[in-house]
Amino acid sequence: MYATSLFCTFCGTEYPLTGLGMCSRCARVGEESALNETLGVRYDVDSLRQHLDRDELARRPAGLWRYAELLPVADPAFRIDLGAGGTRLARLTRLPESDGHKLFVKVEGSNPTGSFKDRPIGIAACVALEHGARGLACLTSGNIGSALAALAARAGVPALVLLLGSAGQAAQGAAVSVEKYVQVSVYGARVATPVGDLGTLYALANRLAADSGWSFIHTFQAYQSEGDKTTAFEICEQLAWQTPAAVFVPTGTGTNLYGLWQGFLLFKELGFIQALPRMFAVQPEGAASLVNAWEQHLEVPAVLEQSRPNVAPPISHRVSGYHAYRAMRESGGGAVAVSNAEMLRALNDLAAYEGIYCEVASAAALAGIRQAITHGLLSADEAQARGVVGILTSNGLKNSLALSSRFPPPPQIEATEQALRTLLE
Ligand SMILES: [Zn+2]
């Protein structure tokens, strides 16, 4: 294996490749902080350069394990394959903005459980199992739970999913998504809905994991962005080893954005690509800690007093991670906040113009690209020549019920020629 150590993106401390969830010097245990998810995985890049060939890589079957050398799972027996990865990079051609702009979307909703989470959770769960976990558990508003439960089913181990109403608003009593509850349950996981203080629950989880033999997937946080890296690898390959000018990522905790950036960096270090993209975070108005940090030139994003309820619960956290903020800064990218109306319009347009149905939080990617074009955050060269990619993180079927009020029941028609002709006009 080429993974060598964990390291903290903030203070630089190195740790062995264990299930350490947080940097012991930077994390604020028991409270929300941008410094709670600062760990990443380091690789022996010199050895990788000698042993990994770009053209050979390109001939392997699609999916996460195509990049086995670039992932932190040593024993092939623990490289459990659910069929994640290998998703489509679609060029947008009918959307009004596609005229004059080179726009792509990475359609992550076609992953096995319908969201990009099959990548980060798939890798973190394999690492946990390789470390000896006898069961897999998580706290989630839904998509992590589905990814974890499906992986556990495939691996033949039990799963426990503590299902929250919203990633950022559990204590505010937000309702649990029925569709996500059903999906998690179908995979055979035990499901419960926690009430009370989440901080206490996390602390309990950490203590019980030690003596129960179960792994709570948040303690394998450092390995989750490893799965997200594969999205960047695929984008480079799908653009014939060219790099887009910019990548727009709907951002909650920020692990996906950080992971993508790590993927691009690693491919550049290996000499597989020549340029790097600018990384942009897209967040809902009222839950935009990265936008605040960006505008106020903070060294570390501050925790919002509260996140305002909006149509994109999966990306509505009080604070996003420093690791994502650093990726934005290093890449010369930025952060944009989008409204409910902008996200819903983007969702509708992707479906009606391009035939792509994504979750509302995913549509934030297009809403963010539109803002960047309108406000001149992208140059003509970037938007027209090199191209821009939006990450559509999950499938719209994940939460169709949330949109049902916008579509009243369809009209009934008589089985007559006249009635049918009227509809065909
Ligand atoms: Zn640290």
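Residues are classed by relative accessible area as buried (under 20%), exposed (over 50%) or partly exposed (in between), with a 1.4 Å probe and protein chains only. The model is predicted, so that local features need pLDDT of at least 70 and side-chain atom pairs count only at pLDDT 80 or more, whereas totals for chains, interfaces and linings use all residues. Numbering runs from 1 along each chain as its sequence is written, and side-chain values use heavy atoms, with hydrogens and water left out.

The zinc ion has as its protein donors (N, O and S atoms within 2.8 Å of the metal, or 3.2 Å for Na, K and Ca; water is not among the atoms, so sites may look incomplete) the SG atoms of C8, C11, C23 and C26, which lie 2.3 to 2.4 Å from the ion. Because the four donor atoms subtend angles of 105 to 115° around the zinc ion, the arrangement is tetrahedral, a term that requires four donors with all angles between 85 and 135 degrees. Along the chain, the donors follow the spacing C-x2-C-x11-C-x2-C. Among them, C11, in the loop between β1 (3–8) and β2 (14–15), and C23, in the loop between β2 and β3 (39–43), link distant parts of the chain, 12 residues apart; strands here are DSSP runs of E with at least two residues, and helices are runs of H or I with at least four, numbered from the N terminus. C11 is partly exposed, because its relative accessibility is 32%, whereas C23 is buried, with a relative accessible area of 1%.

E108 is located in the loop between β5 (103–107) and α3 (120–130), and its relative accessibility of 0% means that E108 counts as buried.

Notes: Tetrahedral: all angles 85-135°; square planar, octahedral: opposite > 155°, others 65-115°.
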